[in-house]
Amino acid sequence: MFDYQSAFESAVERVRGEGRYRVFADLKRVRGAFPRAVRRRPDGSEQDVVVWCSNDYLGMGQNPVVLDAMQQAIAEAGAGAGGTRNISGTTRWHVDLEAELADWHGKAAALLFTSGYVANEATLSTLQRLLPGLIVFSDSLNHASMIAGIRHGGCERHIFAHNDLEHLENLLKAAPADAPKLIAFESVYSMDGDIADLAGTVALARKYGALTYLDEVHAVGLYGDRGAGIAEREGLMEEIDIIEGTLGKAIGVMGGYIAGSAALVDAIRLWAPGFIFTTALPPALTAGALASVRYLKQARNLRLDHQARAAELKARLMSQGIPVMPSVSHIVPVLVGDPVHCKMVSDLLLDEHGIYVQPINYPTVPKGTERLRFTPSPDHDDGMMEALVTAMDRLWTHCNVARRPAAA
Ligand code: PLP
């Protein structure tokens, strides 16, 4: 008979053998003291830590405006939504949040999903059913959820080299002029911190008659005058056909969405299994996200503080010769270049310094580019930053990881 358990065990061993076995950090975030958290060690003892890798980029997950709205919604409406959006699960918070998100992105409509992953997977696969013969052009570093949606749809697809518009144009040129086309890309790429050329991509989309699908998951709340993302910052929201975002990162709660024309959003609402056949987000989550988005539309100073903290951390690390990768965003990736060292540095940071940063290994990033990815928020103060830079400096020597000359 088939030995199921040894098949599972050997799958785990393959990962362990490559030094990229994943271990969760068991954390309790301390409300009111973000980015501080209490870690429960494997032996049950507790340790105070500072979290340096949260995607709650602005600390909105503890903002009283958000917490009050969530508590109020629980007090008024209870815990779960109680059904799918079509069957009793739509509340006033879902409706208001969709209107708020549409307004944020300058679009006629928006549609909520249970996560950003589901929003990408469901929308990109459903677009292929709505547009038979669709050809998708996808950036090579797109997130796994976009890749899953594109593959699931089963259409013809072409991968263009990351941010390489010349390659994209060659692929567009080679496709039949009258075929429906879609360019799928991200604004801020979260593992490198680089930003796509939105204007160049939009120009190509116009020239070749393609729709544009932009994942702004790592930009919503953070860029643009009202925080709607890079498309807002570049004055290009109108030019992008579909903007996708998450409520789980800078917005501080959970959920995902798309925003676009009324017809497009309605078609996805009516056709996407990943939207139709699943329980709606709980009222408290939608109420919290609604309060968060409203707050973020006004939070210009928070965004300035956030950028200033990221710039400060990059400068401090580079002054020690720590190889910060060339990020032009709030993300601070530091190259280690091998999975074993990467895990060793992150284990020592946690165990000996109470600094929590998760190692980022293959398959999240290509082999040989393993890294630590820091996400400083406005709440990471000077003392925390000093402690981090001192510990990194020490561990870089201790673990014999390559430095970069300070001038580089
Ligand atoms: N898109 C990108 C680029 C992401 O990095 C992520 C999350 O990690 C997602 C989509 C999925 O968003 P969510 O965490 O809301 O499922």
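## A walk through the model

Start by selecting valine 334: across from this residue in strand E14, its bridge partner is leucine 372. You're looking at a predicted model, so local features need pLDDT of at least 70 and side-chain atom pairs count only at pLDDT 80 or more, while totals for chains, interfaces and linings use all residues. Residues are numbered from 1 along each chain as its sequence is written, and side-chain values use heavy atoms, with hydrogens and water left out.

**Stop 1: the three-stranded sheet**

Now widen the selection to E11 and E14 (residues 371-374), an antiparallel pair joined by four bridges. Helices (H or I, at least four residues) and strands (E, at least two) are DSSP runs numbered from the N terminus, and two strands pair if DSSP finds at least two bridges between them. Add E13 and you have an open, antiparallel sheet of three strands, ordered E11-E14-E13. E11 (332-335) and E13 (359-360) are the edge strands, each with a single partner strand, so one side of each has no neighbour in the sheet.

Next, show helix H13 (residues 300-319). H13 packs on this sheet, touching E11 and E14, and its direction makes about 20 degrees with that of E11. Contact here means heavy atoms within 4.5 Å. Axes are lines fitted to C-alpha atoms, for helices over the stretch in contact, and angles run from 0 to 180 degrees between N-to-C directions. Then bring up helix H15 (residues 382-398), which also touches E11 and E14; the direction of H15 makes about 175 degrees with that of E14.

**Stop 2: serine 329**

Click on serine 329, in the loop between H13 and E11. Is serine 329 buried or exposed? Serine 329 is buried, at a relative accessible area of 1%; buried means under 20% relative accessible area, exposed over 50%, and partly exposed in between (1.4 Å probe, protein chains only). Leaving aside neighbours within four places in sequence, the contacts of serine 329 include Val188, Gly193, Ile195 and Tyr223, as well as Gln307, Ala310 and Lys314.

**Stop 3: the seven-stranded sheet**

Select the strands in the order E4-E10-E9-E8-E7-E5-E6: that's an open sheet of seven strands with mixed pairing. At its edges stand E4 (109-113) and E6 (156-160), each with a single partner strand, so one side of each is left without a neighbour in the sheet. On average, neighbouring strands here are turned by 20 degrees against each other, direction ignored.

Zoom in on E9 (residues 242-246) and E10 (residues 256-260), which run antiparallel and are joined by four bridges. One partnership to find: threonine 246 with glycine 256 in E10. For the helices, H4 (residues 92-104) lies across E4 and E10, at about 125 degrees to E4. H6 (residues 144-153) packs on the sheet too, touching E5 (135-139), E6, E7 (181-186) and E8 (210-215).

While you're on E10, pick glycine 260. Glycine 260 is buried, at 0% relative accessibility. Not counting residues up to four places away in sequence, glycine 260 touches Lys107, Ala108, Ala109, Asp241 and Val265. For a sense of scale, put a distance label between glycine 260 and cysteine 399: they are 49 Å apart, C-alpha to C-alpha.

**Stop 4: a helix pair**

Keep H6 and add H5 (residues 116-130). Their axes come within 7 Å and cross at roughly 25 degrees. H5 and H6 are therefore roughly parallel; angles under 35 degrees count as roughly parallel, over 145 as roughly antiparallel, 65 to 115 as roughly perpendicular and the rest as oblique. Residues making the contact include Tyr117 and Leu124 of H5 and Met146 and Ile150 of H6.

**Stop 5: the cores**

Select Leu101, Trp104, Phe137 and Ile183. Within the largest nonpolar core, which has 63 residues, these four touch the most other members. A nonpolar core is a set of buried Ala, Val, Leu, Ile, Met, Phe, Trp, Tyr and Cys residues joined through side-chain atoms within 4.5 Å. Helix H12 (residues 283-298) gives the largest share of this core, seven residues. A second, separate core has 34 residues, among them Leu317, Val336, Phe374 and Leu395.

**Last stop: the hairpins**

Finish with E1 (residues 27-29) and E2 (residues 36-40), antiparallel over three bridges. In their hairpin, which has six residues between the strands, glycine 32 takes a positive phi near 85 degrees. E2 and E3 form a hairpin as well, with five residues between them, and glycine 44 in the turn has a positive phi of about 95 degrees.
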